[in-house]
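Please open the model in your viewer with side chains available, and keep a selection panel to hand. The tour below moves from stop to stop, saying at each one what to select and what is there.

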Amino acid sequence: MVKRLTKHGNSFALVIDRGVLDILDIDAETPLSVTTDGKCLIVSPIRDARRQKRFRAALEEGNRKYGRMLKRLAD
């Protein structure tokens with residue numbers, strides 16, 4: 001997908017297509033982190049701490065239950 005910046009007052013804006021917003025579960029109220037690695041612009045949603053904690057707990061539980069099996073499948 002190739003995008004161009006749009007003039008917005010004294011700034012420029014990057015319009016994000018609805019499909020991308022839907023996939024990432026982003027809306028106008030979602031806080032975004034804008035960073036760079038010196039070559040690329042990185043825009044990512046900031047998720048709340050409770051959601052991150054639940055995700056990490058689920059990931060640890062999955063690794064605890066299925067980690068050895070997944071390791072054997074990977075080998």
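How many salt bridges does a search of the whole structure find? The search finds 6 salt bridges, a salt bridge being a side-chain nitrogen of Lys or Arg within 4 Å of a carboxyl oxygen of Asp or Glu. Before selecting any of them, note that this is a predicted model, in which local features need pLDDT of at least 70 and side-chain atom pairs count only at pLDDT 80 or more, while totals for chains, interfaces and linings use all residues. Residues are numbered from 1 along each chain as its sequence is written, and side-chain values use heavy atoms, with hydrogens and water left out.

**Stop one: helix α2**

Select residues 49-74, which form helix α2; helices (H or I, at least four residues) and strands (E, at least two) are DSSP runs, numbered from the N terminus. A straight helix of 26 residues would span 38 Å at 1.5 Å a residue, whereas α2 spans only 31 Å between its end C-alpha atoms; the expected span is 1.5 Å times one less than the number of residues. Now centre the view on Tyr-66, where α2 has a kink of about 70°, the bend at a residue being the angle between axes fitted to the seven residues ending there and the seven starting there. Colouring by accessibility is useful here as well, since the count of buried residues among the 26 residues of α2 is 0; buried means under 20% relative accessible area, exposed over 50%, and partly exposed in between, with a 1.4 Å probe and protein chains only.

**Stop two: the charged side chains of α2**

Staying on the helix, select Glu-61, Arg-64 and Lys-65, which are linked in a network of salt bridges. Arg-64 forms its salt bridge with Glu-61 at 2.7 Å between the closest N and O atoms, and these two residues, 3 apart in helix α2, are separated by about one helical turn. Lys-65 also meets Glu-61 in a salt bridge, at 3.8 Å from N to O, and this pair, 4 residues apart in α2, is likewise separated by about one helical turn. Arg-64 is exposed, with a relative accessible area of 59%, while Glu-61 counts as partly exposed at 32%.

Move on to Asp-75 and Lys-71, whose side chains meet in another salt bridge of 3.8 Å, N to O. Asp-75 is exposed at 71% relative accessible area, and Lys-71 counts as exposed at 54%.

**Stop three: the hairpin**

Next select residues 32-36 and 41-45, strands β3 and β4, which run antiparallel and are joined by 5 bridges; two strands pair if DSSP finds at least two bridges between them. Across this pairing, Leu-32 stands opposite Pro-45, and Ser-33 stands opposite Ser-44. The hairpin has 4 residues between the strands, and in it Gly-38 takes a positive phi near 95°.

**Stop four: Asp-25 and helix α1**

Which residue has a positive phi although it is not a glycine? Select Asp-25, whose phi is about 55°, in the loop between α1 (18-24) and β3. For context, most residues other than glycine have a negative phi.

In helix α1 itself, select Val-20 and then Ile-23. Val-20 is partly exposed, at 27% relative accessible area, whereas Ile-23 is exposed at 72%. To relate α1 to the rest of the model, draw a distance from the C-alpha atom of Ile-23 to that of Ala-58, 35 residues away along the chain, and the separation is 21 Å. Val-20 and Lys-65, 45 residues apart in sequence, lie 33 Å apart from C-alpha to C-alpha.

**Stop five: Ile-46 and a ring**

Select Ile-46 in the loop between β4 and α2, where this residue counts as partly exposed at 46% relative accessibility. Ile-46 and Lys-65 are 19 residues apart in sequence and 29 Å apart in space, C-alpha to C-alpha.

Finally, select Lys-7 and Phe-12: Lys-7 lies over the face of Phe-12, at 5.3 Å from the ring centre, where the rule asks for NZ of Lys or CZ of Arg within 6 Å of the ring centre and within 35 degrees of the ring normal.
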